[in-house]
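Here's a quick briefing on the chain shown below. Have the model open while you read, and hop between topics as you like.

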Amino acid sequence: MVVLPEAGPHCRRLTAEEMDEQRQQNVAYQYLYWLKEAKRWMEACLKEELPSPAELEESLQNGVLLATVGHCFATSVVLLKKIYDMEQLRYQENGFHFHHTDNKFWLSAIAHIGLPLTFFLETTDIYDKNNMPRVIYCIHALSLFLFWLGLAPQIHDLYGKVKFTAEELSNMTSELAKYSLQLHAFSKIGDILANELLVDETAVRAAILAISKAVEQGVVEDTLAALENPSALLRNLQEPLAAIYQELLAQAKMEKAANARNCDDGDGQAIYDCYDCYLTQAKIQGNINHVNVHGALEVVDDSLERQSPEALLEALQDPALTLRGVRRDFANWHLEQLSSDREQKAQELGLVELLEKGEVQAGVVAANIKGDQEQAMLQAVQKINKAIHKGLAAAMVKELMYPAAQLPPVYPFASAVYQQKMAVLQQQQQGELGKEELFVAVEMHSAVVLINQALKARDTTGFWSSLVNPTTVLAEVEGKNAQRYFDTLVKLQVRGVDEAFLSWNDLQTTLSQVNSQVQEETNREILTVSLINEALNKESFEKTLSALMLPSAGLDNVSFPVTFQYHFLLMAVKRQKAQREARWRRIYRTGPMRGNQTRIDHSFLMLLPVALDVAAINQAIKEGKAAQTERVVRSPTVALRGVVSECADGYQQVLEGSMAKYRDTAFWIQHSMKDGTAYYFHLQTFQGTWEQPPGCRLNTSNLNREKIHSAVTKVTADHDCQFWKANVGLVVLQALFCGFLVWQKFAEHLHFLRTWLPAVIKIQVAGSGLLSLQSLELTELHGSLSAFSFDSGLGSDVGARRQYQRCLGYFQKNEVVSHCKKLTKRTKEQLSDMMVVDKQKRLRLLS
């Protein structure tokens, strides 16, 4: 508020221009606080924040905000969906558009509620900004009129309570000068409304003055009598709330008196009379409306607490609430929705609070929407049942797909399937199907339809995604058997007529059968493996062969003549596995410790010595001593092969070059393992850990084992290459000697073949065709035994050699002797002589 300076003996008298400028600033201040009042009132109606007072006029030009305010008190006249550019996106991007002039709903709304014509405005006042002060004047008049009707909150008096900057005052002064208009008397809006409504102003003033005096005396009965005076034009008085009227009006009167005392004329002396402390008719009616609304909301809360639809319906129809859309047939829906809103609000605030009027109205609207949806759904369910009963598959599927039915997706190409299944279900129920029954049935059969479609298209991915969908409700679905399911169901579908449709029962039965088959196969495999292990433990190759030839083993091409090879090979694999497990048992200790496996200081047992030696190698490289570097590189822990003493200088030079590429002073070194894990070693504490330390920074200059091994291998390879180039004659001599040995071995094999070939031919000629075949297998077995015994490297294994001798004796005794019994006496004698000589030679070879 701008105040003229006090006149005094030493004060310069203002010139006419300065006084006119001061007057214009006072007018600008008044208009700005009127704008501020209008802004806050509109925010209370719209429940959203609006631009600052200086920008409010610009925001009102497109008519969107005014039309939205009109929707608050005239919902039937102003429809939100008809407001052009509701979100004001086009206005923000391109500015004002001629289509914005279609937002004339504001004028229709104020005419609908009966606002006097004297407060109306022209469309050009808004869209062309010809007279924006009149627009603000109309908003103030509307706020007071709606407040009298109990349809909107009261506009707040902000005179003397807000401050504006000098820039804002200057800008508004310039804007008002453009209009060249006299501002309307905002303070006389109440009187103008009273005159327009043909009210006896004198009688109203006398009645209001009597109310103020009664409130000041504090007698509830006298206050209620004064409020009921017809001349006061007060509505919706409720006698049970008289005490609350008295309390709230007394508080409002004290606040108005305090505001009046804050106003002065510039010299510090308060100038006000008794009328400045009395309440206006609008203020009294506003407080009465506020008390009535609060009381009605308490009744609503009580009915929600008692869960009484009848009591809630009566409370919602209270005129003080002016609620829209309250429907008697939706009383249960109103109760359910408002109870849910009340509970949610209590959870958010931590205590039970009354629902506000706006929250109750929103709950009523939401309940109406749900009720309408429920009624539409029930009608759709009735139509579906009729279509099922008539056997019209296409019509039934159409009704199933109707959005109001609120059912899962339906696939029209399978209409016959839906009709068949639904008809069977309807017969089982012996009556109409309900919403829940239809929902479950459609959901399950749609999933089955998708499975059949995937099987027909041979789409394994689509088949599996549909199979594991919870809506299918199939039990015992095992991921490891997915392909078996698919293959079995495809075969089952193909065997049907025209790739018949598989029902849910077909799917479940097939899944159970496949699971049983797989389980039986697994059990047989486990039994077979146990038999094989038992045979290996008993070192019985006969039992090993019997177990390997079992159908449950699933092994093809098991050859009888090489049984002992199978046995020896499996024994070797088992020994290796036992050694591996024993080694890991020394490193790991298994046992329950909080349900987890405890690793026993693996770092110290395996990687700590390696990390220490790698750190020592790096230190030797930094010191530049080639001999020391070569000695540390030979450490058995690091396990570097091909280290040559003559290459010590070469190792030092190459390793120094690799280290010189990086400069780093960090202390942590990372050693990567083959299984993807990492081991961290500290260069100062010489301690390691498997978990990455917090804030760990790795040293990039230290060489790890892999880089050291690469450098050493390269230097050694260069040295070997130079050595062989210098000794070409020695290489040639070694090659000749190796060739002689190979030729000597070939000659021995050739001599053996030429020596024993006639005897083999005689055996084949002397025996029958079957005997000849068995003799040939025996010869092949002899070759296999010889090759296995020496090529497998078992010649140096005493246990394997003894086992080989037992195998050889077994075959000589059982196979060859059984053949001899079938031969003639002459042939048997010849064969016996041959076997004696052959046995002696083999024994010499084994020894």
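Cys696 counts as buried, with a relative accessibility of 17%; buried here means under 20% relative accessible area, with over 50% being exposed and anything in between partly exposed (1.4 Å probe, protein chains only). Cys45 is buried too, at 17%. Keep in mind that this is a predicted model: local features need pLDDT of at least 70, side-chain atom pairs count only at pLDDT 80 or more, and totals for chains, interfaces and linings use all residues. Residues are numbered from 1 along each chain as its sequence is written, and side-chain values use heavy atoms, leaving out hydrogens and water.

**Cysteines**

- A disulfide is a covalent bond between the sulfur atoms of two cysteines.
- The test applied here asks for a pair of cysteine sulfur atoms within 2.5 Å, and the count comes to zero disulfides.
- Why does Cys45 not bond to the closest cysteine sulfur? That sulfur belongs to Cys72 and sits 5.7 Å from the sulfur of Cys45, which is too far for a bond.

**The chain overall**

- The chain has 32 helices and three strands; helices (H or I, at least four residues) and strands (E, at least two) are DSSP runs, numbered from the N terminus.
- Of its 847 residues, 38% count as buried.
- About 50400 Å² of the chain is exposed, and carbon and sulfur atoms supply 54% of that; the areas come from the Shrake-Rupley method with a 1.4 Å probe, and for residues only the protein chains shown count as cover.
- Take the contacts (heavy atoms within 4.5 Å) between residues at least 6 apart in sequence: 63% of them join residues at least 24 apart.

**Nonpolar cores**

- A nonpolar core is a set of buried Ala, Val, Leu, Ile, Met, Phe, Trp, Tyr and Cys residues joined through side-chain atoms within 4.5 Å.
- The largest one has 61 residues, and those with the most contacts inside it are Trp41, Leu60, Phe73, Trp106, Leu115, Ile139 and Leu142.
- Helices that each put in at least two residues include H1 (16-46), H2 (53-60), H3 (64-73), H5 (105-113) and H8 (166-179).
- Which helix gives this core its largest share? That's H7, with 13 residues.
- A second, separate core has 22 residues, among them Val397, Ala414, Leu433 and Val449.
- Back at Phe73, leaving aside residues up to four places away in sequence, the residues touched are Ala109, Ile110, Ile113, Leu142 and Leu146.

**Ile136 in H7**

- Ile136 lies in helix H7 (residues 132-149) and is buried, with a relative accessible area of 0%.
- Setting aside residues up to four places away in sequence, Ile136 touches Tyr31, Trp34, Leu35, Ala38, Leu60 and Phe186.
- Glu37 is 99 residues away from Ile136 along the chain, yet their C-alpha atoms are separated by 9.6 Å.

**Two helices and what follows them**

- Helix H22 (residues 504-537) has 34 residues and reaches 49 Å from first C-alpha to last, close to the 50 Å expected at 1.5 Å a residue; the expected span is 1.5 Å times one less than the number of residues.
- Buried residues of H22 include Leu507, Gln508, Thr510, Asn515, Thr528 and Leu536.
- Just after H22, Glu539 has a positive phi of about 50°.
- Helix H19 (residues 435-456), with 22 residues, reaches 31 Å, close to the expected 32 Å.
- Arg458 comes just after H19 and takes a positive phi of about 55°.

**The sheet**

- Three strands make an open, antiparallel sheet in the order E1-E2-E3, where E1 and E3 are the edge strands, each pairing on one side only.
- Strands pair if DSSP finds at least two bridges between them: E1 (residues 668-672) and E2 have five, while E2 and E3 (residues 688-689) have two.
- Tyr680 of E2 is the bridge partner of Gln670 and also stands opposite Thr689 in E3; Phe681 stands opposite Gly688.
- Why is E2 (residues 678-682) largely enclosed by the rest of the structure? Because five of its five residues are buried.
- Both faces of E2 are covered, with Ala678, Tyr680 and His682 on one side and Tyr679 and Phe681 on the other.
- E2 and E3 form a hairpin with five residues between them, and Phe686 in the turn has a positive phi of about 55°.
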